Structure formats: structure tokens, C-alpha cells
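Subject: Handing over the two-chain structure

Dear colleague,

I am passing on the structure that we talked about, and I would be glad if you kept it open beside this email while you read. Please look at it on your own for a moment before going on.

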Amino acid sequence: MAIKSYIEAVTDALREEMERDESIFILGEDVGVRGGVFRATAGLIEKFGEERVIDSPLSESAIVGVSIGAAMVGMRPVAEMQFADFIFPAYNQIVSEAARIRYRTKSDWTVPMTIRAPYGGGIHGGLYHSQSVEALFHHVPGIKIVMPSTPYDVKGLLKAAIRDNDPVLFFEHKRCYRLIKGEVPDEDYTIEIGKGDVKREGTDVTVITYGLMVHYTLEAAEVLEKEGISTHVIDLRSIKPLDKELIIEGAKKTGKVLIVHEDGKFGGVGGEISAIIAEEALFDLDAPIQRLAGPDVPGMPYSPPQEKFYMLNPTKIADAIRKLAEF
Amino acid sequence: MSKHDYKELGLTEEQVLNMYYFMLLARKLDERFWLLNRAGKIPFVISCQGQEAAQVGATFALDKTIDYIAPYYRDLGCVLVFGQTPTDIMMSAFAKPGDPNSHGRQMPGHFGGRKYRILSGSSPVTTQFPHAVGAALAAKMRGEKSVAYTSTGEGSSNQGDFHEAANFAAVHKLPVIFYVENNGYAISVPLDKQLGNHNTADRAVGYGFPGHSIDGNDVLECYKYTKEAAERARNGEGPTLIEARTYRLVPHSSDDDDRAYRSREEVEAAKQKDPILTFAQYLRDKGVLTPEKEQEMNDSIAKAVNEATDEAEKAPFFDPEDALTHVYEER
């Protein structure tokens, strides 16, 4: 098994899927000759040609809208939004069209489309290259949302997204691209969308999280282990559908739950997770459910000390776990 | 009256009669919707009245066995040409099983149906433009000869998706026909307040492909220009933009009152140019529409509309809980 970076797992999954199925093509800004601004599609235009790796006009609504049309007539487009921050011109196409076409035709028409978008902060991106946008889609029935944390999960989940017969938003954390490395099998495998994963077993506090925050939480858990606090870490991997079973099981296991996400707290995914636990496992809790999330301000400042202040980190997460353990 | 000779356009007597049939069928179905609505039997109507020539002329120029259409909510004439039946249409008006557009889930006029090669449409306007471009892109990638046709109103032509789709199709020289039915009003807002340039076809120059502003009340003219656009598309020469200038003879919808924003004199003047009346006269003058044929056609359409209405009215609704199905793939 080879050690790969998070972004190499993205490229591997795309290449292997395109080799397997001719109906798969890539569409996005700078995805062709440049191989993507992050190099996620590096080498693909050389292998598959400009017919299947399309440098699109700077036009997000067209990238998604054209992908929808192609998907309806039998193709399997993988659209790239250069940054998740720039997905909003395509919001109407995603929410009013992709998410509803199956429903409004009772599956007569379907949209087997994947939209990849790099998200997240801590990369000196300022307000418009740092956002986590998942909450703005989380409410919408008809789409799936995947947010993996490890190279292994990236490969298996991206393949599953591409093979899925419904539209999938695949959010890749930019900070993870080259920071996170891990073992990735060479062979073909998929991971079921909607299934979380226990990344660390523990008995005192359960942390439910996803994306880059999984790694920060695991770092925090290492530190806390030395203090005698045992942390159970759930990586949701997909936030829509949510793995309710794993969430409830995790809550019941320790009776103390901390939900961690980089995205802002108000109206964030954490609120839904918290509500699920409150509805289904309230009497198994030994402490109020806690949420640790980004501040509710319109964006992540470019100023380095302010960016650092905005971002969560292992220390902030360890403090929150410690507080909950002591409750 | 059409300035075109149908024979010079390569059309037969039978074909022009068929065009007239579909225009009249669309009109008669539409008139029935209003009666049903005012009788409290169907909640909503959105009309094609006045625009039948623009719709039937254009879709007659396509190949319904290989082309895709992504029409807008007034395009009853288009979907009839592409195979939808009066019963299909009435089931949709009543939101009952048998509605091929949305199985009762969307308001009438939100057309669709895979078997008819009609892409599903929604209410946010012009979202179908990029979808048609996507269908055309797929056709090009697979080496198919099919054309994608999409239409919208002149007000809707102001949406960003119009521009994004047109530019994308131009860059890739895709087999698409963009068709604007310019009826002069976006609900209540007239052309003056919608468009800095009243000729939407002029925009084509900016995208780098041909644009034509044509008489949308002349079914033969609509056929001619769409036919040329389809040939261009099939030959790999890329998209065409057509603006069909026409008029909406009735209010925007059953919930609108057009007396608030346009004079009765204006509407009456437009009725003198009603494309159905003028085309009927053209066909009579050519000796194609004989009194016998006209009677026969009127009778058969009346019968079809009546039967479809009865069938739809008597049909049961879907179960309420059916609303929970088909959110995601059901395995």
C-alpha cells in the first residue's frame, strides 16, 4: 500500500474512474492545461484529452448547469468549483435544479453529477478563499454532501460520489491537500456515502467532527490521553445523509458530546447533530451537548493573527474536551 | 399573413395542415384550462395563447426522434409537437397520475418527459438554457447528430444563465438553438423596462454566432429560421439565437389581471394578428384548408379536448404519502 497525500487521492480517484467509464468527464476553471489551481486534475488532460477534461469559461452557473444537462442525458460529469467560496453563482442550479430534478419527475430524469469544491481556512485566503459553505446546502433535500478527512476516505468516497445516481457535493479541505498523508490501497474500492467512521476509540468524551478538524481533534486526544482523559473521535465523512446511528451510539457511549466544526456555529451542521442527540439520547447524557465552531462573523480575516484567532486548533479543542470531561 | 410559400420551404400540404392542427390544439386546450380554472376545477393556468406559431413553427423544424427540447412554461405548442397528448396535458393540469411532466408535483406548464425527449423544467426562469447546452455537449462528445433546442421569454433573457449558456455554447460550437419568444411583457413589465435593446437577437453578435429577429406570428417564418439553425447545428457550425416577436393574448396566468398594465385597445389590435386566424386564412387562400377539412379538424380537436378533460377529471389523485418518494434513488 502506498502513502499518498490527500490531493493525490483525489487525482487517483478521478483518473481511475475516468479509465473505467467513458461517460465521466471533468469540467471547471483551469482544470485542463494547468491541471487545476491546486493541481488536483494534474496529468488528466494529457491522458484523456481536452474533450474529457474541459477548461470551462469563468462561469460557475454554466459549469454546474451544463453538467446537469449532460448528466440528464447519460453522462457523468465531475464539475470543479475552483474554491467553494465561488459556488454561489451556481447555487440556483444546485438547489433549484440538481437537487429537485429527480423529485419533480419521479426519477424520469436524474442528475448523476459530482461537484468538487476545495473549502476551508488556515491558508491565508481571507474572506473569499477560506469559507466552509456546507451549512448553506445541508438543509436541501435531494443532494448528498461528502467531506472526507483522510486520503483513504477521499479515494473511496470520491469514487462512490461519481458512481452515485444523485448529485453529490464533494468538499475537499484545502489545508488537508498536502498536509495530510496516509495509506491508500492501489486497488479499486468505494466507501458508502452517509457512513461515518470512528477514528479513535475512547470512553470519557465523544467528539463528533469532520474534515480538517478530525486531525486537530486527534492531536488534542493524544495530549489529553497523557492527562488521563480518553476521547472517542467520530469522523462523519459525509454530512448528508448523516450517520445517525453512529452519532447516537457515540453519544451513549461516553454521555458527553462535543461537536467540532470550522464553519460558523449559528445554523451550522452541529445544530442538527445536537438536535438528533437531544431527540434520541437525552437520558444517556451526563453533560449538556457542547459545540465548538468558528465565530459568527462574515468571513475569515486575511490578517495573520486574526486568521489564527478565527481558526480552531488542537489547543482550543483540547480545552473544550477537558472542560467537558471535568463536568 | 405569411410572406412565405410553404412549398418553397419544402413543406407539403399535409405538413402545413399538421402545423395548423397543433396550433389549434394548443389553443383549444389552453382555452379549456381557463374554463376549468374559473369553474374552480384546476388551481392554476399559464398560457400559450398568441404564441402558438412561434412554438409550433420552431419545433416542427426539429427531429423529435433525436433532438432534445428544454422549453419554458408557455410552450404547450412545442410539447404537443414533440408527442405529448391532450390526455397528458390534462393530467398535468389536474395534477394527476399520467402527467408525464412531473407526475402532479409541479404546476402545469413545467414540461418534461424522457420518452418525449423533453428535459424537465422548473419555475426559476432560464435555468434550462445551460441544461440544453449540456445535452448538446453530450451529443458532441458522443458524436451524435442531435440538436438541443431551448426557449424562454424576453424578460427571462436578462438572467445570467442566458449569457453563461450562450457563451459556453459559443466557445465549444455546440449544436444548440436558443429561442426567445418576445411577447412584449414580463408579467406586467413591458419591453421598455426590460431591455435596453429591444432586439434580443442582436446579442448573438456579442457571443460570436448568428442571431435573427423574426416574425413570431408567422409559423412558416419560425419554421424556416429554426430549420436553418438546426442544419447549422448538425453541421458542426454551432449555436444560433432566434427571437420570435409575438404577443401574449391573455394575462400572464390565471392569477394575473392584465387590465392593470395594458389597454384593451392594444390587446384587441394584437388579436387582429392572432397567428391562428392568419394562418387559417393563409391555408384557405392556398386552397389547403377546405371547409370540410376545417370542420373535420375542429370536430376532432373538440372531441380530443373533451375526452382528455373527462378522463383527467375522473382520474384519482396520487396518495398524499406519495409526496415522500423519489427524493434520492430508491434501491
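What follows is an account of what was found, taken from the chains as a whole down to single residues.

Please keep in mind from the start that this is a predicted model, and that every value below was computed from it.

**The two chains**

Chain A contains 13 helices and 14 strands. Its radius of gyration is 19 Å, which is close to the 20 Å that the globule rule gives for 327 residues, so chain A is as compact as a globular protein of that length. If you follow the C-alpha trace of chain A along its principal axes, it spans about 60 × 40 × 40 Å, and buried residues account for 65% of the 327 residues in this chain.

Chain B, for its part, has 12 helices and seven strands. The radius of gyration of chain B is also given as 19 Å, close to the 20 Å that the globule rule gives for 331 residues, and chain B is therefore as compact as a globular protein of that length. The C-alpha trace of chain B covers about 60 × 50 × 40 Å along its principal axes, while buried residues make up 58% of its 331 residues.

**Charged patches on chain A**

A patch of positive charge lies on the surface, and it is formed by A:Arg34, A:Arg39, A:Arg178 and A:Lys181. Among them, A:Arg178 sits in helix α8 of chain A, which covers residues 176-179, and with a relative accessible area of 48% A:Arg178 is partly exposed.

There is also a surface patch of negative charge, where A:Asp30, A:Glu50, A:Glu51 and A:Asp55 gather. One of these, A:Asp30, is placed in the loop of chain A between β2 (24-28) and α2 (44-48), and A:Asp30 counts as partly exposed because its relative accessibility is 36%, which falls between the limits of 20% for buried and 50% for exposed.

**Salt bridges**

Side chains of opposite charge can pair when their charged atoms come close. How many salt bridges does a search of the whole structure find? Over all chains, the search finds 45, and a few of them deserve a closer look.

In chain B, B:Lys28 forms a salt bridge with B:Glu31, and their closest N and O atoms are 3.3 Å apart. The two residues are three apart in helix α1 (residues 13-38) of chain B, so about one helical turn separates B:Lys28 from B:Glu31. B:Lys28 is partly exposed, with a relative accessible area of 35%, and B:Glu31 likewise counts as partly exposed, at 31% relative accessibility.

Another salt bridge joins the side chains of B:Arg232 and B:Glu237, at 3.9 Å from N to O. B:Glu237 lies in the loop between α9 (219-234) and β7 (240-245) of chain B, and at 37% relative accessibility B:Glu237 counts as partly exposed. From C-alpha to C-alpha, B:Glu237 and B:Lys273 are 35 Å apart in space, and 36 residues apart in sequence.

A further pair in chain B is B:Arg259 and B:Asp257, whose closest N and O atoms are 2.9 Å apart in a salt bridge. Here B:Arg259 counts as exposed, at 59% relative accessibility, whereas B:Asp257 counts as partly exposed, at 35%. In chain A, salt bridges that share partners join A:Glu16, A:Glu17, A:Arg20, A:Lys155, A:Lys159, A:Arg163 and A:Asp188 into one network.

**Buried parts of chain A**

Which residues of helix α9 (residues 212-226) of chain A are buried? They are A:Leu212, A:Met213, A:Val214, A:His215, A:Tyr216, A:Thr217, A:Ala220, A:Ala221 and A:Leu224. After α9(A) comes A:Gly228, which has a positive phi, near 90 degrees.

Another glycine, A:Gly294, is found in strand β14 of chain A, which runs over residues 290-294. A:Gly294 is buried, with a relative accessible area of 3%. Although A:Gly294 and A:Lys265 are 29 residues apart along the chain, their C-alpha atoms are separated by 6.0 Å, and you may like to find this pair in the view.

With best wishes

Conventions:
Residues numbered from 1 in each chain as written. Chains lettered and ligands numbered in written order. Predicted model: local features only at pLDDT ≥ 70, side-chain atom pairs only at ≥ 80, totals over all residues. Heavy atoms only, no water. Patch = residues over 30% accessible without salt bridge, like charges linked within 9 Å, V, L, I, M, F, W, Y side chains within 5 Å. Areas by Shrake-Rupley, 256 points an atom, 1.4 Å probe, with all protein chains shown as cover. Salt bridge = Lys/Arg side-chain N within 4 Å of Asp/Glu carboxyl O. Lys, Arg positive; Asp, Glu negative; His and termini not counted. Charge placed at Lys NZ, Arg CZ, Asp CG, Glu CD. Helix = DSSP H or I, 4+ residues; strand = E, 2+ residues; numbered from the N terminus. Buried < 20%, exposed > 50% of the residue type's maximum accessible area, 1.4 Å probe, protein only. Rg over C-alpha atoms; globule rule 2.2 N^0.38 Å.
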